[in-house]
Amino acid sequence: MTASSSRSQALRPRINAGQTGSQKAVRRDASASVGLVGYGRRVSILVGLGLMFAGLLAGIEAVVRYGVHPALNAMPDDVHLRARHEIVRIVRVIVPAVMLPSVVVAVVCLVVTSSGPAYGLRFAAVAVYAIYLVVVFAGTVPINDRFFKWDVSNPPADWKSVIRRWALIDVVRSSAAIVAFGLLVAAAVI
(Lines give C-alpha, C1' and ligand atoms only; values in the text may rest on other atoms or scores of the structure.)
Protein backbone atom coordinates (compact mmCIF):
# COMPACT_ATOMS: atom_id res chain seq x y z
CA MET A 1 0.00 0.00 0.00
CA THR A 2 1.43 3.39 -0.95
CA ALA A 3 1.62 6.34 1.45
CA SER A 4 -1.06 8.30 -0.43
CA SER A 5 -3.51 5.40 -0.57
CA SER A 6 -2.84 4.69 3.11
CA ARG A 7 -3.66 8.33 3.94
CA SER A 8 -6.86 8.34 1.85
CA GLN A 9 -7.98 5.10 3.51
CA ALA A 10 -7.30 6.61 6.93
CA LEU A 11 -9.54 9.58 6.12
CA ARG A 12 -12.53 7.50 4.93
CA PRO A 13 -15.15 6.57 7.51
CA ARG A 14 -14.78 2.93 8.49
CA ILE A 15 -17.01 0.82 10.69
CA ASN A 16 -15.20 -1.96 12.47
CA ALA A 17 -16.69 -5.40 11.83
CA GLY A 18 -18.58 -7.01 14.66
CA GLN A 19 -19.71 -3.80 16.35
CA THR A 20 -23.28 -2.56 16.37
CA GLY A 21 -25.25 0.57 17.29
CA SER A 22 -23.43 3.04 19.49
CA GLN A 23 -20.45 0.70 19.70
CA LYS A 24 -19.53 1.31 16.06
CA ALA A 25 -16.18 2.96 15.81
CA VAL A 26 -16.07 5.48 13.02
CA ARG A 27 -12.73 6.88 11.97
CA ARG A 28 -12.34 10.56 11.42
CA ASP A 29 -13.41 11.49 7.92
CA ALA A 30 -11.88 14.14 5.65
CA SER A 31 -13.97 16.90 7.21
CA ALA A 32 -12.30 16.20 10.53
CA SER A 33 -9.03 17.41 9.04
CA VAL A 34 -10.57 20.91 8.89
CA GLY A 35 -12.11 20.87 12.36
CA LEU A 36 -15.55 19.92 11.12
CA VAL A 37 -16.24 16.41 12.38
CA GLY A 38 -19.72 15.47 11.32
CA TYR A 39 -20.43 18.55 9.23
CA GLY A 40 -19.63 17.09 5.84
CA ARG A 41 -18.26 18.07 2.51
CA ARG A 42 -20.39 21.20 1.89
CA VAL A 43 -19.15 22.87 5.04
CA SER A 44 -15.60 21.81 4.26
CA ILE A 45 -15.93 23.51 0.87
CA LEU A 46 -17.35 26.58 2.58
CA VAL A 47 -14.41 26.66 5.00
CA GLY A 48 -12.02 26.30 2.06
CA LEU A 49 -13.64 29.23 0.25
CA GLY A 50 -13.53 31.24 3.45
CA LEU A 51 -9.84 30.54 3.85
CA MET A 52 -9.20 31.51 0.24
CA PHE A 53 -10.96 34.88 0.62
CA ALA A 54 -9.51 35.53 4.08
CA GLY A 55 -6.03 34.74 2.74
CA LEU A 56 -6.53 37.07 -0.21
CA LEU A 57 -7.71 39.87 2.08
CA ALA A 58 -4.83 39.36 4.51
CA GLY A 59 -2.40 39.26 1.58
CA ILE A 60 -3.75 42.46 0.06
CA GLU A 61 -3.58 44.23 3.41
CA ALA A 62 -0.05 42.98 4.09
CA VAL A 63 1.21 44.05 0.67
CA VAL A 64 -0.37 47.49 1.00
CA ARG A 65 0.95 47.97 4.55
CA TYR A 66 4.45 46.54 4.24
CA GLY A 67 5.16 46.94 0.52
CA VAL A 68 3.22 49.75 -1.13
CA HIS A 69 3.29 52.36 1.63
CA PRO A 70 7.01 52.23 2.33
CA ALA A 71 7.57 52.59 -1.43
CA LEU A 72 5.18 55.56 -1.64
CA ASN A 73 6.87 57.27 1.29
CA ALA A 74 10.23 57.03 -0.47
CA MET A 75 8.93 58.89 -3.55
CA PRO A 76 8.98 62.62 -4.19
CA ASP A 77 5.70 64.27 -3.06
CA ASP A 78 4.20 64.79 -6.53
CA VAL A 79 4.91 61.20 -7.62
CA HIS A 80 3.70 59.88 -4.26
CA LEU A 81 0.36 61.70 -4.62
CA ARG A 82 -0.23 60.56 -8.21
CA ALA A 83 0.68 56.97 -7.38
CA ARG A 84 -1.48 56.98 -4.23
CA HIS A 85 -4.41 58.35 -6.23
CA GLU A 86 -4.21 55.46 -8.71
CA ILE A 87 -3.77 52.90 -5.94
CA VAL A 88 -6.84 54.22 -4.08
CA ARG A 89 -8.83 54.13 -7.32
CA ILE A 90 -8.00 50.45 -7.83
CA VAL A 91 -8.21 49.34 -4.20
CA ARG A 92 -11.67 50.89 -3.81
CA VAL A 93 -12.89 48.09 -6.10
CA ILE A 94 -10.64 45.16 -5.17
CA VAL A 95 -10.83 45.27 -1.38
CA PRO A 96 -14.65 45.29 -1.09
CA ALA A 97 -14.83 42.44 -3.63
CA VAL A 98 -12.63 40.34 -1.34
CA MET A 99 -13.69 41.74 2.04
CA LEU A 100 -17.41 41.03 1.66
CA PRO A 101 -17.10 37.29 0.95
CA SER A 102 -14.36 36.97 3.60
CA VAL A 103 -16.59 38.32 6.34
CA VAL A 104 -19.82 36.70 5.14
CA VAL A 105 -18.29 33.23 4.81
CA ALA A 106 -16.61 33.55 8.23
CA VAL A 107 -19.98 34.40 9.81
CA VAL A 108 -21.77 31.58 7.97
CA CYS A 109 -19.09 29.07 9.06
CA LEU A 110 -19.46 30.30 12.63
CA VAL A 111 -23.23 29.76 12.51
CA VAL A 112 -23.20 26.32 10.86
CA THR A 113 -20.39 25.00 13.06
CA SER A 114 -21.72 26.33 16.35
CA SER A 115 -19.85 23.82 18.48
CA GLY A 116 -16.62 21.90 18.61
CA PRO A 117 -13.03 22.77 19.37
CA ALA A 118 -12.68 25.28 16.52
CA TYR A 119 -15.75 27.34 17.45
CA GLY A 120 -13.85 29.66 19.78
CA LEU A 121 -11.27 30.39 17.09
CA ARG A 122 -13.98 31.09 14.51
CA PHE A 123 -15.79 33.33 16.99
CA ALA A 124 -12.56 35.25 17.65
CA ALA A 125 -11.99 35.62 13.88
CA VAL A 126 -15.47 37.05 13.39
CA ALA A 127 -14.89 39.46 16.32
CA VAL A 128 -11.61 40.58 14.73
CA TYR A 129 -13.43 41.05 11.41
CA ALA A 130 -15.94 43.27 13.26
CA ILE A 131 -13.02 45.43 14.44
CA TYR A 132 -11.65 45.41 10.90
CA LEU A 133 -14.99 46.64 9.49
CA VAL A 134 -15.28 49.43 12.05
CA VAL A 135 -11.74 50.59 11.30
CA VAL A 136 -12.35 50.43 7.55
CA PHE A 137 -15.68 52.26 7.50
CA ALA A 138 -14.93 54.77 10.27
CA GLY A 139 -11.25 55.29 9.49
CA THR A 140 -9.64 54.53 6.16
CA VAL A 141 -12.67 54.83 3.85
CA PRO A 142 -13.47 58.44 4.86
CA ILE A 143 -9.81 59.40 4.48
CA ASN A 144 -9.59 57.66 1.09
CA ASP A 145 -12.80 59.40 -0.04
CA ARG A 146 -11.38 62.76 1.04
CA PHE A 147 -8.04 62.02 -0.62
CA PHE A 148 -9.69 60.88 -3.85
CA LYS A 149 -11.30 64.32 -4.21
CA TRP A 150 -7.98 66.16 -3.94
CA ASP A 151 -6.31 67.77 -6.90
CA VAL A 152 -3.02 65.86 -6.72
CA SER A 153 -1.18 68.73 -8.41
CA ASN A 154 -2.41 71.11 -5.67
CA PRO A 155 -3.08 69.08 -2.47
CA PRO A 156 -4.32 70.68 0.76
CA ALA A 157 -1.67 72.05 3.10
CA ASP A 158 -2.29 69.29 5.68
CA TRP A 159 -2.05 66.37 3.24
CA LYS A 160 0.98 64.81 4.96
CA SER A 161 -0.75 64.75 8.35
CA VAL A 162 -3.84 63.16 6.73
CA ILE A 163 -1.65 60.45 5.17
CA ARG A 164 0.13 59.87 8.52
CA ARG A 165 -3.26 59.46 10.27
CA TRP A 166 -4.33 57.02 7.53
CA ALA A 167 -1.11 55.04 8.03
CA LEU A 168 -1.72 54.71 11.79
CA ILE A 169 -5.26 53.49 11.18
CA ASP A 170 -3.95 51.15 8.50
CA VAL A 171 -1.73 49.38 11.05
CA VAL A 172 -4.86 48.31 12.94
CA ARG A 173 -6.76 47.44 9.75
CA SER A 174 -4.05 45.33 8.15
CA SER A 175 -3.20 43.63 11.46
CA ALA A 176 -6.86 42.73 11.99
CA ALA A 177 -7.12 41.11 8.55
CA ILE A 178 -3.93 39.12 9.14
CA VAL A 179 -5.00 38.03 12.64
CA ALA A 180 -8.47 36.99 11.40
CA PHE A 181 -6.86 34.88 8.69
CA GLY A 182 -4.53 33.24 11.21
CA LEU A 183 -7.46 32.41 13.51
CA LEU A 184 -9.43 30.90 10.62
CA VAL A 185 -6.43 28.80 9.56
CA ALA A 186 -6.00 27.59 13.16
CA ALA A 187 -9.73 26.76 13.34
CA ALA A 188 -9.45 24.77 10.11
CA VAL A 189 -6.57 22.60 11.26
CA ILE A 190 -7.55 21.70 14.82
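1. The accessible surface of the chain comes to about 10,700 Å², and carbon and sulfur atoms hold 67% of that area. Areas here follow the Shrake-Rupley method with a 1.4 Å probe, and for residues only the protein chains shown count as cover. Of the 190 residues, 32% count as buried; buried means under 20% relative accessible area, exposed means over 50%, and partly exposed lies in between (1.4 Å probe, protein chains only).

2. A word on the ground rules, since you will want them. This is a predicted model, in which local features need pLDDT of at least 70 and side-chain atom pairs count only at pLDDT 80 or more, while totals for chains, interfaces and linings use all residues. Residues are numbered from 1 along each chain as its sequence is written, and side-chain values use heavy atoms, with hydrogens and water left out.

3. On to the fold. The chain has five helices and zero strands, so the elements run α-α-α-α-α from the N terminus on. Helices (H or I, at least four residues) and strands (E, at least two) are DSSP runs, numbered from the N terminus. Among contacts with a separation of 6 or more, 69% join residues 24 or more positions apart; a contact means heavy atoms within 4.5 Å.

4. Helix lengths are a handy check. The expected span is 1.5 Å times one less than the number of residues. For the 31 residues of α5 (residues 159–189) that gives 45 Å, and the end C-alpha atoms are 45 Å apart, which agrees. The 36 residues of α3 should span 52 Å, and the end C-alpha atoms of α3 lie 50 Å apart, again in agreement. For α4, with 30 residues, 44 Å is expected and 40 Å is found, which also agrees.

5. Do look at the bends too. The bend at a residue is the angle between axes fitted to the seven residues ending there and the seven starting there. By that definition α5 bends by about 25° at Asp170, α3 has a kink of about 35° centred on Val91, and α4 has a kink of about 40° centred on Val136.

6. Now the interior. A nonpolar core is a set of buried Ala, Val, Leu, Ile, Met, Phe, Trp, Tyr and Cys residues joined through side-chain atoms within 4.5 Å. The largest one has 19 residues, and those with the most contacts inside it are Leu57, Met99, Tyr129, Tyr132 and Leu184. At least two residues of this core come from each of α2 (41–73), α3 (77–112), α4 (119–148) and α5. A second, separate core has ten residues, including Val64, Ile143, Val162 and Ile163.

7. Leu57 is a good place to centre your view. Leaving aside neighbours within four places in sequence, Leu57 is in contact with Val95, Val98, Met99, Ser102, Tyr129, Tyr132 and Ala177. Ser102, in helix α3, is buried with a relative accessible area of 1%. With the same neighbours left aside, the contacts of Ser102 are Phe53, Ala54, Leu57 and Tyr129.

8. The structure holds three aromatic pairs. Rings of Phe, Tyr and Trp (its six-membered ring) pair if their centres lie within 6.5 Å; planes under 30 degrees apart count as stacked, over 60 as edge-to-face and the rest as tilted. One pair is Tyr129 and Tyr132, edge-to-face at 6.4 Å centre to centre with 75° between the planes. Both tyrosines lie in helix α4, three residues apart, about one turn of the helix. An α-helix has 3.6 residues a turn, so residues three or four places apart point the same way. Tyr129 is buried at 1% relative accessible area, and Tyr132 is buried at 0%. Phe147 and Trp150 form another pair, with ring centres 4.9 Å apart and planes at 70°, so this pair is edge-to-face; both residues are buried.

9. Arg173 deserves a look. This residue sits in helix α5 and counts as buried at 9% relative accessibility. Beyond neighbours within four places in sequence, Arg173 is in contact with Glu61, Val64, Tyr132, Val135, Val136, Thr140 and Trp166.

10. Last, two residues to compare by eye. Is Thr113 in the loop between α3 and α4 buried or exposed? Thr113 counts as buried, at 1% relative accessibility, and the C-alpha atoms of Thr113 and Val43, 70 residues apart along the chain, are separated by 8.4 Å. Leu133, in helix α4, counts as partly exposed at 24%. Leu133 touches Met99 and Val103, not counting residues up to four places away in sequence.
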